[in-house]
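I opened this entry to keep track of what I looked up, in the order I looked it up. The structure goes in first, and the notes follow.

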Amino acid sequence: NLVGTSNADFPSGDPGMYQLDVTLRRGQNLAARDRGGTSDPYVKFKLGGKEVFRSKTIYKNLNPVWEEKACILIDNPREPLYIKVFDYDFGLQDDFIGSAFLDLTSLELNRQTDVTLSLKDPHYPDHDLGSILLSVLLAPREEQREVTMLMRKSWKRSSKVTQEYDDLPNMPSRTGNLWHRIYSPSNCVLMTSFCVSSNQNPETFQTQSLRLSDLHRKSQLWRGIVSVTLIEGRELKAMDANGLSDPYVKFRLGHQKYKSKIVPKTLNPQWREQFDFHLYEERGGIIDITVWDKDAGKKDDFIGRCQVDLSTLSKEQTHKLEMPLEEGEGCLVLLVTLTASAAVTISDLSVNSLEDQKEREEILKRYSPTMMFHNMKDVGFLQVKVIRAEALMAADVTGKDSDPFCVVELNNDRLLTHTVYKNLNPEWNKIFTFNIKDIHSVLEVTVYDEDRDRSADFLGKVAIPLLSIQNGEQKAYVLKNKQLTGPTKGVIYLEIDVIFNAVKASIRTLMPKEVKYIEEENRLSKQLLLRNFIRMKRCIMVLINAAYYINSCFDWDSPPRSLAAFLLFLFVVWNFELYMIPLALLLLLAWNYFLIVSGKDNRQHDTVVEDMLEDEEEEDDRDDKDSEKKGFMNRLYAIQEVCVSVQNILDEVASFGERIKNTFNWTVPFLSWLAIVALSVFTIILYFVPLRYIVLVWGINKFTKKLRSPYAIDNNELLDFLSRVPSDVQVVQYHELKQDPSHSPSKRKKNNPG
């Protein structure tokens with residue numbers, strides 16, 4: 001599909017020289033791919049074989065209206081934009097509707113053009129598959145031109161690399177790859193990275209580094225937080241035969257996605273869940289909201305959709321919105337709050353907040369005990385220095401080098417370093433700062449190999465609980481595999497500092513955990529199912545063994561033990577008071593603490609769980625290879641869903657028992673001390689206050705809670721507390737490996753790139 005005449009003003013194709021703004025308007029007379037004579041179309045844009053944009057899905061419509069915008073950075077304007085339209089099929093492979101090419105050289109620069117592209121199928125070129133309407137604007141980016149020229153001047157390349165690059169002016173080699181791009185539907189992000197030889201002028205490098213780091217920061221730091229509380233739905237459409245629905249809600253803001261819990265058998269569901277989004281654009285953005293009816297074993301039914309335009313909402317204020325559902329019935333009730341951005345920064349090692357005495361005093365003052373009731377969501381401050389890595393795995397096609405970059409994640413906060421090309425011992429020397437909302441969060445640092453032609457290759461990962469960090473100490477962390485169960489090749493050097501308010505952290509422990517973005521759906525795994533079954537069996541065996549022990553006392557298998565148990569039983573029953581229950585738990589915690597302090601700790605490293613995790617990882621590798629050859633799991637979706645549900649229930653039950661055990665085993669001392677304080681308070685209250693008064697206060701609080709705070713999010717403090725205690729699987733995953741002098745894995749010679 002050609003538009004206009006060829007534009008001769010294009011140079012030979014400098015990377016990042018052009019920005020293409022595309023508005024996907026609508027489709028016309030699309031081909032029907034579903035049995036009902038309709039389609040559920042969505043559109044993909046591809047450039048150079050990579051997907052750079054994916055639209056939302058319009059359900060049951062052959063003339064869909066999208067009105068979605070995408071911003072795409074163009075490496076080479078002579079490379080056409082590939083547009084593909086698909087019909088969405090839940091649980092199955094999506095059906096291809098048609099495709100088209102947009103020749104960018106046919107566009108006039110700095111002029112918006114309306115384009116109609118006819119869709120074709122290469123296998124059936126004569127079929128009429130409909131058309132797609134776009135508005136496109138292609139413009140040069142002067143900012144990118146200046147930075148590109150700046151980086152080119154800084155390069156000191158060998159004659160061999162120079163010759164290779166000059167031979168291919170329009171196709172930069174991996175050495176000439178200046179740009180690492182990250183695309184999302186709502187915003188356009190550009191990260192720059194470059195290598196400087198050892199003989200470059202330090203002053204020139206510093207000036208260039210500052211100019212480039214400004215562009216790097218602008219690309220990935222968010223400008224605000226959007227807090228969305230999903231309260232309820234009203235009079236939703238009935239989708240099931242019983243006249244009810246099992247509704248849940250999906251949210252999307254750019255690449256950020258959330259999914260609510262499922263409320264079964266109701267048309268007026270109560271969710272009361274909160275989700276936080278990062279806001280990258282000053283002008284706001286649009287949150288897409290869709291409501292679905294869960295159907296086990298088949299495609300979920302679409303109930304309706306609505307959108308929240310954030311540009312129309314004032315900041316630092318909570319808005320109550322009643323959003324009627326389009327293409328359906330009923331409405332959703334939401335609370336939306338826009339707040340200023342948290343203190344998230346990226347800087348070089350020369351800019352260190354904690355080394356500046358004035359800034360350090362301000363941070364310490366912000367989290368001092370006197371500020372314990374100020375801004376309860378701001379629990380602490382985290383600074384991460386990503387210094388360097390050594391002996392990384394070679395992931396390039398040559399088998400000799402990698403192009404590593406590092407991703408630092410804390411819950412939903414995600415920042416990246418630049419890429420160091422052709423180096424197995426990269427030095428990043430970057431400082432990242434985060435606001436801590438939950439002291440029980442886990443810092444994840446992942447190293448990838450950048451690959452221009454496909455997705456990045458996984459090189460290694462470490463997971464570090466914030467409470468285990470030793471401030472100001474530079475440590476070498478052995479990189480682990482994707483499942484965090486065993487070592488892979490290489491180590492990474494980090495220096496981490498954590499400052500937090502203990503009172504805020506304790507209060508936050510009794511509140512719901514932050515929900516992460518929607519991740520990949522759980523898939524059926526024989527090894528995972530077996531692992532969860534064994535974990536639950538071990539928890540049940542503890543109860544069975546306790547029952548056997550008590551029964552042996554009844555049977556007088558050991559007369560001294562039975563006599564002591566009998567006397568203890570008479571004493572406790574005759575003198576029992578309710579306060580003795582938390583007192584007994586308090587004594588158990590104190591006893592275990594005494595064993596640990598005295599060096600008689602009987603806790604053992606859980607090798608059983610670790611071995612199962614390693615077996616599961618090997619099975620995952622086999623599954624990845626098998627899934628490339630055949631897709632039979634999609635054919636057995638209904639069976640898989642039931643098995644996955646059983647698998648997850650086993651995991652939840654086993655994790656619950658393991659978390660209780662690990663609370664009393666002092667696996668996380670902060671939580672065990674918090675339990676001691678809580679149990680001490682409960683013991684004192686139960687000792688001095690009659691039970692009827694306690695029950696009376698509890699009942700009044702429960703009955704009046706919704707009257708006092710109609711939109712309060714329901715939670716259980718005990719379950720929220722236990723959710724912060726790691727299960728045995730998480731203990732293995734967070735366990736720090738000892739550094740091997742050879743930097744080589746103990747079992748696997750090469751990790752499967754992901």
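Does Arg-25 count as buried, exposed or partly exposed? I found a relative accessibility of 24% for Arg-25, so it counts as partly exposed. The cut-off for buried is under 20% and for exposed over 50%, and I kept both at hand for the rest of the entry. I also noted at this point that the model is predicted.

**Entry: overall figures**

I looked up the totals next. The protein has 754 residues, and 47% of them count as buried. Its secondary structure comes to 15 helices and 27 strands. The exposed area is about 39,000 Å², with 56% of it supplied by carbon and sulfur atoms. For contacts between residues at least 6 apart in sequence, I noted that 70% join residues at least 24 apart.

**Entry: a sheet of four strands**

I then went to the sheet that holds strand 1. The sheet is open, has 4 strands in the order 4-1-8-7, and its pairing is antiparallel. Strand 4 (65-74) and strand 7 (113-118) are the edge strands, each pairing on one side only. I read an average turn of 25° between neighbouring strands of this sheet, direction ignored. As a reminder to myself, strands of a sheet pair through backbone hydrogen bonds, in either a parallel or an antiparallel way.

I went through the pairings one by one. Strand 1, residues 18-28, pairs with strand 4 over 8 bridges in the antiparallel sense. Leu-24 has Glu-68 of strand 4 as its bridge partner. Strand 1 also pairs with strand 8, again antiparallel, over 10 bridges. For strands 7 and 8 I noted an antiparallel pairing over 6 bridges.

Which residues stand opposite Leu-133 in strand 8? I found Arg-26 opposite Leu-133, and I found Thr-116 opposite Leu-133 too. Strand 8 spans residues 131-140 and is mostly covered, with 8 of its 10 residues buried.

**Entry: salt bridges**

The count of salt bridges comes to 15. I looked at some of them in detail, beginning with the partner of Arg-25. Arg-25 and Glu-67 meet through their side chains in a salt bridge, at 2.8 Å from N to O. Because Glu-67 lies in strand 4 and Arg-25 in strand 1, the pair ties together parts that are 42 residues apart in sequence. Strand 4 and strand 1 are also the two that pair over 8 bridges. Glu-67 has a relative accessible area of 43%, so it is partly exposed.

Next I took Asp-288 and Arg-252. Their closest N and O atoms are 3.4 Å apart, and the two form a salt bridge. This pair links distant parts of the chain: Asp-288 is in strand 15 (residues 286-293) and Arg-252 is in strand 12 (residues 247-253), 36 residues apart. Are these two buried or exposed? I read 13% relative accessibility for Asp-288, which counts as buried. Arg-252, at 16%, counts as buried as well.

I then looked up Glu-327 and Arg-305, which form a salt bridge with their closest N and O atoms 3.7 Å apart. Glu-327 is in the loop between strand 17 (318-324) and strand 18 (331-340), while Arg-305 is in strand 16 (residues 301-309). The two are 22 residues apart, and the pair links distant parts of the chain. At 46% relative accessibility Glu-327 counts as partly exposed, whereas Arg-305 at 5% counts as buried.

I checked for shared partners last. Glu-68, Arg-252 and Asp-288 are joined into one network by salt bridges that share partners. Glu-68 had already come up as the bridge partner of Leu-24.

**Entry: a nonpolar patch on the surface**

Which residues make the nonpolar surface patch of about 1,100 Å²? I listed Val-677, Val-681, Phe-682, Ile-684, Ile-685, Tyr-687, Phe-688, Val-689, Tyr-693, Leu-696 and Ile-700. Helix 12 (669-688) and helix 13 (691-708) are the elements that give two or more residues to the patch. Helix 12 gives the most, with 7 residues.

I picked out Phe-688 from the list. Phe-688 is placed in helix 12. Its relative accessibility is 62%, so Phe-688 counts as exposed. I closed the entry there.

Terms used. Residues numbered from 1 in each chain as written. Predicted model: local features only at pLDDT ≥ 70, side-chain atom pairs only at ≥ 80, totals over all residues. Heavy atoms only, no water. Patch = residues over 30% accessible without salt bridge, like charges linked within 9 Å, V, L, I, M, F, W, Y side chains within 5 Å. Areas by Shrake-Rupley, 256 points an atom, 1.4 Å probe, with all protein chains shown as cover. Salt bridge = Lys/Arg side-chain N within 4 Å of Asp/Glu carboxyl O. Buried < 20%, exposed > 50% of the residue type's maximum accessible area, 1.4 Å probe, protein only. Pairing = 2+ DSSP bridges. Axes fitted to C-alpha atoms, helices over the stretch in contact; angles between N-to-C directions. Contact = heavy atoms within 4.5 Å.
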